[in-house]
There are 2 protein chains.
Amino acid sequence: MMIISVTEENYLKAIFSAAHLSESRVGNQLIAEKLSINPASVTEMLRRLHDKKLIQYNRADGAKLTAQGLKSAIKVVRKHRLWETFLVGHLNFTWDEVHEIAEQLEHIQSDKLLDELDRFLGNPGFDPHGDPIPNKSGKIPVLKSKILVEAEIGKKLKVVKVADNTASFLKYLDKQGIALGDIIFVKEVQDFDGSLLVELKGKREIYLSAEAARKIMVE
Amino acid sequence: MMIISVTEENYLKAIFSAAHLSESRVGNQLIAEKLSINPASVTEMLRRLHDKKLIQYNRADGAKLTAQGLKSAIKVVRKHRLWETFLVGHLNFTWDEVHEIAEQLEHIQSDKLLDELDRFLGNPGFDPHGDPIPNKSGKIPVLKSKILVEAEIGKKLKVVKVADNTASFLKYLDKQGIALGDIIFVKEVQDFDGSLLVELKGKREIYLSAEAARKIMVE
DNA sequence: AGATATAATTTGGTTAACCTAAATATTTTT
DNA sequence: AAAAATATTTAGGTTAACCAAATTATATCT
């Protein structure tokens, strides 16, 4: 089996997540930003990943994962999200604390560990942030969710995911008392700033800025 | 807080475990063997560990952990053994499968993770091989165990630890049906080769070579 | 004590990942 | 289409860990 270093895995993951957002071209610049390194360093590594047949690469179109590369990237994401699920579910971590540690754990190499962890957790489809966990064969479950800011007035909705996993946003949600699975009822939309008046869990009424409502996914 | 690399941690661990066996001097040679690297490389690293005040070091007496270095080494051992306990206890691993993976997991950095894992496992004192797990403050529990080969005839004993964690020996024990916690009754000792006839769990009788009995710890 | 064996160190490499600054491409704007 | 802006690559350099071969200490043996 081919050996992929931790650093290489991080590149693949960066390309994978960048490709999901901007779709088309994944340039050196973007990868450099994601990994907080100098663009000059990226060229070198992309060439190596190309040699290893993990990406297609040329100056014009940037980097694109091959089937091999995609498989590796998805596996890393799978590991990351399963570990996050474990940390929150069994080790009393909150959703804003788990990212860093999962960044380390995602590189542990053992297929059996991965399978057993999945089983132990009950083959979860989504992690504590609502992000989908690829299954063993690489298939990624889909949620037909919308962002809250696009919801119609008078709809009863369930919070299923957040579109921003920074600790500051997650702490803000905690402070507002919003968690995954909560039922939200949209009462009013302010015309002038797009902020929402919502009823949370049939109890409290709170205001959410359009900014925040753009990062909350509902179903 | 001082940053200690994975490689440095492995050196500290090697020095720690070597010091436990041979007591006195831990030479470059021995460290090199433990880590499967060239002795020439060891000199360099020991100098760095000395500069970081993690070891005392001079040509005559070799390497010796400082209080700082000992603390770091014990923490790594603690992590290693807690993870092994987790793998066997919750993820269906057998005791001969866990070492490699624990070698990776022992380098994950997060104090909260360590504390929570300990709590989750119920603050175990010993890992699946019977090795003591240092507690949070670094204290290492002691078992007043003996090696089976030194046991007297007619004694009822409990298997508490193995003095050889290689997969081949652990598999041998599994095949013989011997596990930690089993009660052993010594019936006979063969004079000519020191092998033992023992009764296992009050049921089966089996022969154990002196070789094997030297690696089984009982209480 | 001197010869021999063993252990440690020095010397002069290598590789993976990074860096900065300069040079070259490629887009985008005017 | 030329100028300006942006993106990529090249060139030359660094650091952490390693190596092999040669050298220098230290220990052991006769």
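## Exercises on a predicted two-chain model with DNA

A rotation of 180° with 0.0 Å of shift along its axis superposes chain B on chain A, with an RMSD of 0.1 Å, where the fit is by least squares on the C-alpha atoms of residues with pLDDT of at least 70 in both copies. The model is predicted: local features need pLDDT of at least 70 and side-chain atom pairs count only at pLDDT 80 or more, while totals for chains, interfaces and linings use all residues. Residues are numbered from 1 along each chain as its sequence is written, and chains are lettered from A and ligands numbered from 1 in the order in which they are written.

**Exercise 1.** Identify the relation between the chains and the residue of chain B closest to the rotation axis.

*Solution.* The rotation of 180° with 0.0 Å of shift is the relation of a two-fold axis. Of the residues of chain B, B:L105 comes closest to that axis, with its C-alpha at 3.8 Å.

**Exercise 2.** Describe how helix 4 and helix 6 of chain B cross.

*Solution.* Begin with the axes, which are lines fitted to C-alpha atoms over the stretch in contact, with angles from 0 to 180 degrees between N-to-C directions. Those of helix 4 (residues 67-90) and helix 6 (residues 111-121) of chain B come within 10 Å and cross at roughly 45°; the two helices of chain B are therefore oblique to each other, the class left after under 35 degrees (roughly parallel), over 145 (roughly antiparallel) and 65 to 115 (roughly perpendicular). Next, list the contacts (C-beta atoms, placed from the backbone, within 7 Å): B:K79, B:L82, B:T85, B:F86 and B:G89 in helix 4 of chain B meet B:L114, B:L117, B:D118 and B:L121 in helix 6 of chain B.

Notes
Helix = DSSP H or I, 4+ residues; strand = E, 2+ residues; numbered from the N terminus. Contact = placed C-beta atoms within 7 Å.
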